[in-house]
Amino acid sequence: MKSFGVSTRRKFLIGSGATALATTLGGLAMPAISRASSRPVFTHGVQSGDVDTTTGMIWTRTDRPARVEFEVSTTESFANPTRLPSLDALPDSDLAVKRLLENLTPDQDIFYRMTAVDLSDVSARSEPIVGRFRTAPSARRDIRFAWSGDTAGQGWGIDETGMKTYATMSKHEPDFFLHSGDTIYADGAIQDEVELKDGSKWINKVVIDEKRKVAETLDEFRGQWKYNMMDDHVRALNAVCPTFFQWDDHEVVNNWSASKDLTEDDRYTEKSVALLQARAARAFHEMSPIRFTPAEPGRVYRKIAYGPMLDVFFLDLRSYRGPNTASMQDELSDKARILGDAQMQWLKRELSNSRATWKVIACDMPIGLVVRDGEKIEAIANGDDGAAKGRELEIAELLRFIKNAGIENTVWLTADVHYTAAHYYNPDKAQFQDFNPFWEFVSGPLHAGTFGPNDLDQTFGPELKYVKAPSKEQGVNLPPSDGFQFFGLVDIDADTQQMTVRLMDRDDNELYTMTLDPVRSA
């Protein structure tokens, strides 16, 4: 399906130095000082993201203040590259730089190369570092992408195997990877080792100071991101596959909203959730290749147009929500919202304007699964199986709008609950029935503890078509080594325009497959 074969990709990784960025410990990469200590070093590889037909974001980080030079080419040899103005990697951005590549050719392999020049000694130049991605097509072609969420959670860090799910996804050569949130676990400290139920130990081979405690300072939030990029598999995927990021709660603190109270949480000396959120948001944008939105610089929700067959709508159910409550309000108010009015109006407008065959709604939390915050509700479903109330009112409004506007072929993708499932929302079995049927697919975690399954609320009539989660006998918070790590693969066929969704585990077993036929416009 792709012109860029596995063998070529492996050759590219080796040739670009993407898998040999730093010294190793037990086969696991650690950011390092170059043997020639006078030369700058790229510490955490490269990233690309938010790629469309003619543009794409790229990212890297240096070990010291440096001027980063950029070259772009359509060939791996960098014959006749385009040289772009340099950018300065400075301490105020934690030595990270990112930029938007523009005026690219649709459906084209793009190679980018960076070289760092020490700002204190301009004669000291780094070895170059290289990444690649493919732009979205302007005409119909086969598309494949992966999605999942939840990285380095519940104390399960980089062990001897590393974050294997990333390597498994990379084997499928996705056009892009959609990270559904909980990209880091800023509230999840990691220890050197964890005692397992069978008496053995999970050994975190890589631990840094920023991961030994909850994140409170800006540097500690940045450290959470850098930790993930110390994994070989993560960096290898980053070098060849764009990641489209969204966020959820663990980028800041578990279940954060206006009602979050850290007064009794002894792990935190900083008790202001608003201040933690501000620092976390800055680190999120500094350390990921997400686009910058001038109208709202910290915005996460956005649309990526990926050719004529696919638009991806990234939602943010975290930043604009009201406080977590029992979510039983009878009328929609700001306190009952989870999207917020501005994001809702944006989503309605963009869905109405979309001419893509498939409209994928990337949601950081599931619709019908009951996710609790103690006695309060953390997600959308309130668990009463009745008419829409609380946050369900906003989703009911959206689903009604999609039906009345004649918007076809919406599919929801999410993670968050740390297991994998397929849900078919059937209005004939729902309490709120004014919507067209649709699918929601859940897959995760990438590298975190496994839980579930959660209860399904029947307000929108979800039918459970597939689930894989730990049994009661197996318990909760299973380590990644137990194999309950999941991701999803989506293929869109250029000829039929059918969408095939596969739920996969980290050992590359295909667990469930569903092929969806597009509704054709009249």
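**Exercise 1. Work out how helix H3 and helix H5 cross, and which residues meet there.**

Step 1: get the geometry. The axes of helix H3 (residues 218-228) and helix H5 come within 9 Å, crossing at roughly 40°. Axes here are lines fitted to C-alpha atoms, for helices over the stretch in contact, with angles running from 0 to 180 degrees between N-to-C directions. Helices (H or I, at least four residues) and strands (E, at least two) are DSSP runs, numbered from the N terminus.

Step 2: name the angle. H3 is therefore oblique to H5. Angles under 35 degrees count as roughly parallel, over 145 as roughly antiparallel, 65 to 115 as roughly perpendicular and the rest as oblique.

Step 3: give the hand. The H3 and H5 crossing is right-handed. A crossing is left-handed if the near helix is turned anticlockwise from the far one by less than a right angle, and right-handed if clockwise.

Step 4: list the partners. From H3, Leu218, Phe221, Arg222, Trp225 and Lys226 meet a set in H5 that includes Leu276, Ala280, Ala283, Phe284 and Met287. Contact means heavy atoms within 4.5 Å.

A word on the model before going on: this is a predicted model, in which local features need pLDDT of at least 70 and side-chain atom pairs count only at pLDDT 80 or more, while totals for chains, interfaces and linings use all residues. Residues are numbered from 1 along each chain as its sequence is written, and side-chain values use heavy atoms, with hydrogens and water left out.

**Exercise 2. Do the same for H2 and H4, then decide how enclosed H4 is.**

Step 1: the axes of H2 and helix H4 (residues 232-240) come within 7 Å and cross at roughly 30°. So H2 is roughly parallel to H4, and H2 passes H4 in a left-handed crossing.

Step 2: on the H2 side, the meeting residues are Lys164, Tyr166, Ala167, Met169 and Ser170; their partners in H4 are His233, Val234, Leu237 and Val240.

Step 3: check burial. H4 is largely enclosed by the rest of the structure, because 7 of its 9 residues are buried. Buried means under 20% relative accessible area, exposed over 50%, partly exposed in between (1.4 Å probe, protein chains only). Val234, Leu237 and Val240 are among the buried residues of H4. In H2 (residues 164-171), the buried ones are Thr165, Tyr166, Thr168, Met169 and Ser170.

Step 4: look at the helix ends. A side-chain oxygen of Asp231 reaches to within 2.9 Å of the backbone nitrogen of His233 at the start of H4. After H2 comes Glu173, with a positive phi near 50°.

**Exercise 3. Find the residues that touch the most other members of the largest nonpolar core.**

Step 1: define the set. A nonpolar core is a set of buried Ala, Val, Leu, Ile, Met, Phe, Trp, Tyr and Cys residues joined through side-chain atoms within 4.5 Å.

Step 2: read off the hubs. The largest core has 95 residues, and Met114, Phe145, Leu310, Phe441 and Met499 touch the most other members. Helix H5 (residues 273-287) supplies the largest share of this core, 7 residues. There's also a second, separate core of 38 residues, with Ile361, Ala388, Trp412 and Tyr419 included.

Step 3: zoom in on one hub. Beyond its neighbours within four places in sequence, Met499 is in contact with residues including Trp358, Val411, Ile492 and Leu516.

**Exercise 4. Is Ser73 buried or exposed, and what does its side chain reach?**

Step 1: Ser73 sits in strand S5 (residues 66-73). With a relative accessible area of 4%, Ser73 is buried.

Step 2: the Ser73 side chain reaches the backbone nitrogen of Thr75 at 3.0 Å.

Step 3: not counting residues up to four places away in sequence, Ser73 touches several others, including Phe78, Asp109 and Phe111.

Step 4: follow Phe78, which lies in the loop between S5 and strand S6 (82-89). Its phi is positive, near 60°, and Phe78 isn't glycine. At 6% relative accessibility, Phe78 counts as buried.

**Exercise 5. Which peptide bonds leading into Pro445 and Pro453 are cis?**

Step 1: a cis bond joins Gly444 and Pro445, with omega about 5°.

Step 2: another cis bond joins Gly452 and Pro453, with omega about 0°.

Step 3: place them. Pro445 is in the loop between strand S22 (438-442) and strand S23 (462-468), and Pro453 is found in the loop between S22 and S23 too.

Terms used
A polar contact is a pair of N or O atoms within 3.5 Å; within protein, one must be able to donate a hydrogen and the other to accept it, and residues adjacent in sequence count only if both atoms are side-chain atoms.
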